[in-house]
Number of protein chains: 2
Amino acid sequence: MLPPMTDAPGRPRTTIVTLARSAGVSASTVSRALKGDPSISPAMRARIAAMAVEAGYMPNIMARTLSSGRSGLIGLVLGPATNPFYAMLLEDLVREAAARQQRFMIIHAGPGAIEDSTAEALLHYRVDGCLVTSADLSSRAADICARNAVPLVMINRIPRRHASAVSCDNAEGGRTIAQFLRAGGHRRAAILHSGPGSSNGIERERGFTDAFADDRARIVARFDARSIYEGGHAAGEAIAAMPRRDRPDCLFAVSDIIAMGAMDALRAKGLRVPDDISVVGFDCIPDGARPPYAITTFRQPVQAMVRRGLELLAARIGAPELPDESVLLRGEIVIRDSARRPRP
Amino acid sequence: MLPPMTDAPGRPRTTIVTLARSAGVSASTVSRALKGDPSISPAMRARIAAMAVEAGYMPNIMARTLSSGRSGLIGLVLGPATNPFYAMLLEDLVREAAARQQRFMIIHAGPGAIEDSTAEALLHYRVDGCLVTSADLSSRAADICARNAVPLVMINRIPRRHASAVSCDNAEGGRTIAQFLRAGGHRRAAILHSGPGSSNGIERERGFTDAFADDRARIVARFDARSIYEGGHAAGEAIAAMPRRDRPDCLFAVSDIIAMGAMDALRAKGLRVPDDISVVGFDCIPDGARPPYAITTFRQPVQAMVRRGLELLAARIGAPELPDESVLLRGEIVIRDSARRPRP
DNA sequence: TTGAAAGCGGTACCAA
DNA sequence: TTGGTACCGCTTTCAA
């Protein structure tokens, strides 16, 4: 047994019951008064509120959850926090959620898949809902959520069954970038993608290819850069090693972190960016804006995505019958110095 | 095999009671069997375990917490996740905690102070303990934890009253760097610190100054870079603007992110690093290792810090009367190319 | 080795 | 407008 949590030795923790006793009313009255039930007289409400403050009363969420079934906890499945994009997401997420009185239980923040045991923790804690950003939720975990009627919202992911989603219009972003490069005179592109498991990367590449390739321009190479710096670096080295006449004149990385790796590798091999080869990324992470990189990229509306995601989730927590919904938000190209620009 | 749809209309959710009924035993027996109480016969234990799996039973942590007083939740107060150092910390933290069946409720992950309402959420959720990394916990919040006997462990912070702490030996790190620079022939140092609120920065600077300054060498300037890239950048510009003869020959930034900003600014003004001025950082974040920076720095033993921190916390959760403890872990210098090295 | 029963701190329905 | 009361799901004596 744990020692009782007391504010002072011998004095019992303030609960609704102690409050009720010292106010000379019933526990139910206190409960109602505290949540502003209009059926309690204003005078009583004020009196109890004052006593609560005075006694340092703190509601026990566990007890509330047990009887009401709502925990105020959201399960958060986050991609690798060391990827600056997820770090941005996390900051915004925590801030927005706090403003809505929601808290996150964070159950994943690294690379790789989520263990089932980790996913089950979500249900143990009776999370009201679950937010998934990019890292893949196993279908078993998703099934568990669906069966237990835990609403699922994915941010920055293509929706799956039993889930709502909000993401940036990735295909449109890819298209915009392709048009920009075409206008800049590029005709031979290499794509640094993030593998078949990344729905975002696939969409971006699809949009890019659609708008870039025709009878005068084409995709000359593709590399799997796994959404990490090292992957981009390896691809950059491979590109630098290509015979000069086969080399692409521009490079589209499906995320900035990949682009950064590629740029460093190209330069280490003596190639100039953008003079010898243009590089474009995606995401608009802060690191990519700094002088050594100054990456031309596509900004995802992170804050809006976070806000909409939380809204979708809140709505579904309140009304589980709501149908799944996906929302697509428009981003914008950010032109810096890593790619040759169109002539004015 | 997936669990049956326990939430199907009309069919009750699997609880200890439903389990007990269908096993023809009492709820207490099920409770004990499930946690491997040796006083339950092995046969019974096995039978109940099998039924639990078959029924897809998930314990309700809220109920368990209510009766046992232990939630398995740790409150996490994290510094700004967009600072790569905290991102590294977060990844390790979540991984280590999951292995110990602990989950984090994340209540802060941005810049700035923690709102009291946010801190109080910790208590509402009856967290077993609280882990604080760098971001300042208001003394009010700390008091609340102390009153409620919620153990507090700080990682990467100087301990405060009512808290244990684990951190890197910052002063020693500062000293090591100073010795390295002195050996490299540097005599005029500038310090880019992170303000009076950062105990780490203060320790690092103290160690550095102790080992650097004497009658042949001195600290020629100090700048408050607020632990952010932009702060380092501003300081770098100020240094570049100094008359040549007043300029420092080396620069100690109390964190890598500051050093990166400074390097970019110095170079933008035409100064070469390390030829015109050496730059050293602290933390060893991945970004600092990349070619444009290749920062000479001091590596904090992050993984060990995380592990020890969780150990300290677990011990105090089990035995709240344990005295506060601070542990200091030794880091190591990482020599790269941003600072002139000693002649062999 | 097992069962009965009393909470843990709230919520919510039914009376008064 | 208030009080009484029956849970929510699990843990933990105390008895049998």
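How do the residues of the surface near DNA strand C divide into nonpolar, polar and charged? In this predicted model, that surface has 10 nonpolar, 12 polar and two charged residues.

**Contacts with the DNA**

Around DNA strand C there are 24 residues, and those that come nearest are Ile16(A), Ser28(A), Ala63(A), Thr29(B) and Ser67(B). Both protein chains contribute elements to this surface: helix 2 (27–34) and helix 4 (61–68) of chain A, and helix 2 (27–34) and helix 4 (61–68) of chain B, each give two or more residues. Helix 4 of chain A has the largest share, with five residues.

DNA strand D has 26 residues around it, of which Ser28(A), Thr29(A), Ser67(A), Thr15(B) and Ser28(B) come nearest. At least two residues of the surface near DNA strand D come from each of helix 2 and helix 4 of chain A and helix 2 and helix 4 of chain B. Here the largest share, five residues, belongs to helix 4 of chain B. By class, the surface near DNA strand D holds 11 nonpolar, 12 polar and three charged residues.

The table sets out the residue classes of the two DNA-facing surfaces and of the side of chain A that touches chain B.

| Surface | Nonpolar | Polar | Charged |
|---|---|---|---|
| Near DNA strand C | 10 residues | 12 residues | two residues |
| Near DNA strand D | 11 residues | 12 residues | three residues |
| Side of chain A touching chain B | 30 residues | nine residues | 11 residues |

**Contacts between the protein chains**

Between the two protein chains, 50 residues of chain A are in contact with 51 residues of chain B. On the chain A side, the elements that each supply at least two residues are helix 4, helix 5 (84–99), strand 2, helix 6 (116–124), helix 7 (139–147), helix 11 (256–268) and helix 12 (286–289). Helix 5 of chain A gives the most, with eight residues. Helix 4 of chain A thus appears both on this side and on the surface near DNA strand C.

Strand 2 of chain A also takes part in a sheet with chain B. Strand 2 (residues 103–108) of chain A pairs with strand 2 (residues 103–108) of chain B in the antiparallel sense, over three bridges. Within this pair, Met105(A) stands opposite Met105(B).

The sheet as a whole is open, has 12 strands with mixed pairing, and runs in the order 11(A)-5(A)-4(A)-3(A)-1(A)-2(A)-2(B)-1(B)-3(B)-4(B)-5(B)-11(B). Its edges are strand 11 (326–329) of chain A and strand 11 (326–329) of chain B, each of which pairs on one side only. From one strand to the next, the twist averages 20°.

**Chain A as a whole**

Chain A contains 13 helices and 12 strands. Its radius of gyration is 26 Å, whereas a compact globule of 344 residues would have a value near 20 Å. Along the principal axes, the C-alpha atoms of chain A fill a box of roughly 90 × 40 × 40 Å. Of its 344 residues, 47% count as buried. Among contacts in chain A between residues at least 6 apart in sequence, 71% join residues at least 24 apart.

Definitions and conventions:
Residues numbered from 1 in each chain as written. Chains lettered and ligands numbered in written order. Predicted model: local features only at pLDDT ≥ 70, side-chain atom pairs only at ≥ 80, totals over all residues. Helix = DSSP H or I, 4+ residues; strand = E, 2+ residues; numbered from the N terminus. Rg over C-alpha atoms; globule rule 2.2 N^0.38 Å. Buried ≥ 20, exposed ≤ 12 C-beta atoms within 10 Å, placed from the backbone. Contact = placed C-beta atoms within 7 Å. Near = placed C-beta within 6 Å. Nonpolar A, V, L, I, M, F, W, Y, C, P; charged D, E, K, R; others polar. Pairing = 2+ DSSP bridges. Axes fitted to C-alpha atoms, helices over the stretch in contact; angles between N-to-C directions.
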